[in-house]
Amino acid sequence: MDTYATPDATKARTRPKDGTDGADGMAVASFVLGLLGLLAFNAVLGPFALILGGISLVRGTSRPGRAILGLFLGAADLVVLVVLVTMHHGIIWPFGL
């Protein structure tokens with residue numbers, strides 16, 4: 001008998017109880033990345049917001065509103081990127097021009 005064996009109860013406490021495997025955190029991250037992407041780095045943060053929002057919806061998040069907002073904000077990031085590139089002929093953020 002091993003007296004130093006630890007029970008697996010700590011693993012059970014670190015996982016979500018509803019089996020969503022972190023989908024709630026991904027929904028919030030999608031929303032935050034989409035919101036930040038409107039300000040800067042929209043070419044990178046927009047696609048990440050779309051991916052995280054989609055994965056969290058597929059995994060069954062308990063926060064579908066935030067995941068959907070993350071999807072919309074991620075798409076808006078890409079629209080802003082296209083508009084800025086089109087208006088400034090390839091210069092995304094024209095500082096000082």
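**Exercise 1. Compare the length of helix α2 with its expected span, then describe the buried residues of α2 and what covers them.**

Solution.
Step 1. At 1.5 Å a residue, the 15 residues of α2 should span 21 Å, and the end C-alpha atoms of α2 are 20 Å apart, which agrees. The expected span is taken as 1.5 Å times one less than the number of residues. The model under study is a predicted one.
Step 2. Helix α2 covers residues 23–37. Its buried residues are Ala23, Asp24, Met26, Ala27, Ser30, Gly34 and Gly37.
Step 3. An α-helix has 3.6 residues a turn, so residues three or four places apart point the same way.
Step 4. The cover over the buried residues of α2 includes α3 and α4.

**Exercise 2. Carry out the analysis of span, burial and cover for helix α4.**

Solution.
Step 1. Helix α4 takes in residues 64–87; at 1.5 Å a residue, its 24 residues should span 34 Å, and the end C-alpha atoms are 34 Å apart, which agrees.
Step 2. Buried in α4 are Ala67, Gly70, Leu73, Gly74, Asp77, Leu81 and Leu84.
Step 3. Among the elements that cover these buried residues of α4 are α2 and α3.
Step 4. Just after α4, His89 adopts a positive phi of about 55 degrees.

**Exercise 3. Place these helices in the chain as a whole: how many helices and strands are there, and what part of the residues is buried?**

Solution.
Step 1. The protein chain contains 4 helices and 0 strands. Read from the N terminus, its elements run α-α-α-α.
Step 2. Of the 97 residues in the protein chain, 23% are buried.
Step 3. The chain exposes about 6800 Å², of which carbon and sulfur atoms supply 71%.
Step 4. When contacts between residues at least 6 apart in sequence are considered, 64% join residues at least 24 apart.

**Exercise 4. Classify Ser56 as buried or exposed, and state its contacts.**

Solution.
Step 1. Ser56 belongs to helix α3, which comprises residues 42–58.
Step 2. The relative accessibility of Ser56 is 0%, so Ser56 counts as buried; the cut-off for this class is under 20%.
Step 3. A polar atom of the Ser56 side chain lies 2.9 Å from the backbone oxygen of Gly53.
Step 4. With neighbours within four places in sequence left aside, Ser56 is in contact with Ala23, Met26, Ala27, Thr61 and Ala67. Of these partners, Ala23, Met26 and Ala27 are among the buried residues of α2, while Ala67 is one of the buried residues of α4.

**Exercise 5. Describe Arg63 and Pro64, and state which residues Arg63 contacts.**

Solution.
Step 1. Arg63 is located in the loop between α3 and α4, whereas Pro64 is part of helix α4.
Step 2. Arg63 has a relative accessible area of 37% and is therefore partly exposed. Pro64, at 40% relative accessibility, also counts as partly exposed.
Step 3. Beyond its neighbours within four places in sequence, Arg63 is in contact with Asp24, Ala27 and Val28. Arg63 and Val28 are 35 residues apart in sequence, and their C-alpha atoms are 8.1 Å apart in space.
Step 4. Pro64 and Ala23 are 41 residues apart along the chain, with 9.5 Å between their C-alpha atoms.

**Exercise 6. Identify the residues of the nonpolar surface patch, and examine Phe41 and Ile55 within it.**

Solution.
Step 1. Phe41, Val44, Phe48, Ile51 and Ile55 form a nonpolar surface patch of about 510 Å².
Step 2. Phe41 sits in the loop between α2 and α3. Its relative accessibility is 63%, so Phe41 counts as exposed; the cut-off for this class is over 50%.
Step 3. Although Phe41 is not a glycine, it has a positive phi of about 55 degrees.
Step 4. Ile55 lies in helix α3. At 35% relative accessibility, Ile55 counts as partly exposed.

**Exercise 7. Classify Leu36 and Val82 by accessibility, and relate each to a residue elsewhere in the chain.**

Solution.
Step 1. Leu36 is found in helix α2; with 46% relative accessibility, Leu36 counts as partly exposed.
Step 2. Leu36 and Ala49 are 13 residues apart in sequence, and C-alpha to C-alpha they are 9.8 Å apart.
Step 3. Val82 is in helix α4; with 51% relative accessibility, Val82 counts as exposed.
Step 4. The C-alpha atoms of Val82 and Asn42 are separated by 10.0 Å, the two residues being 40 apart along the chain.

Technical notes: Residues numbered from 1 in each chain as written. Predicted model: local features only at pLDDT ≥ 70, side-chain atom pairs only at ≥ 80, totals over all residues. Heavy atoms only, no water. Patch = residues over 30% accessible without salt bridge, like charges linked within 9 Å, V, L, I, M, F, W, Y side chains within 5 Å. Areas by Shrake-Rupley, 256 points an atom, 1.4 Å probe, with all protein chains shown as cover. Salt bridge = Lys/Arg side-chain N within 4 Å of Asp/Glu carboxyl O. Helix = DSSP H or I, 4+ residues; strand = E, 2+ residues; numbered from the N terminus. Buried < 20%, exposed > 50% of the residue type's maximum accessible area, 1.4 Å probe, protein only. Contact = heavy atoms within 4.5 Å. Polar contact = N/O pair within 3.5 Å; in protein donor to acceptor, adjacent residues only side chain to side chain.
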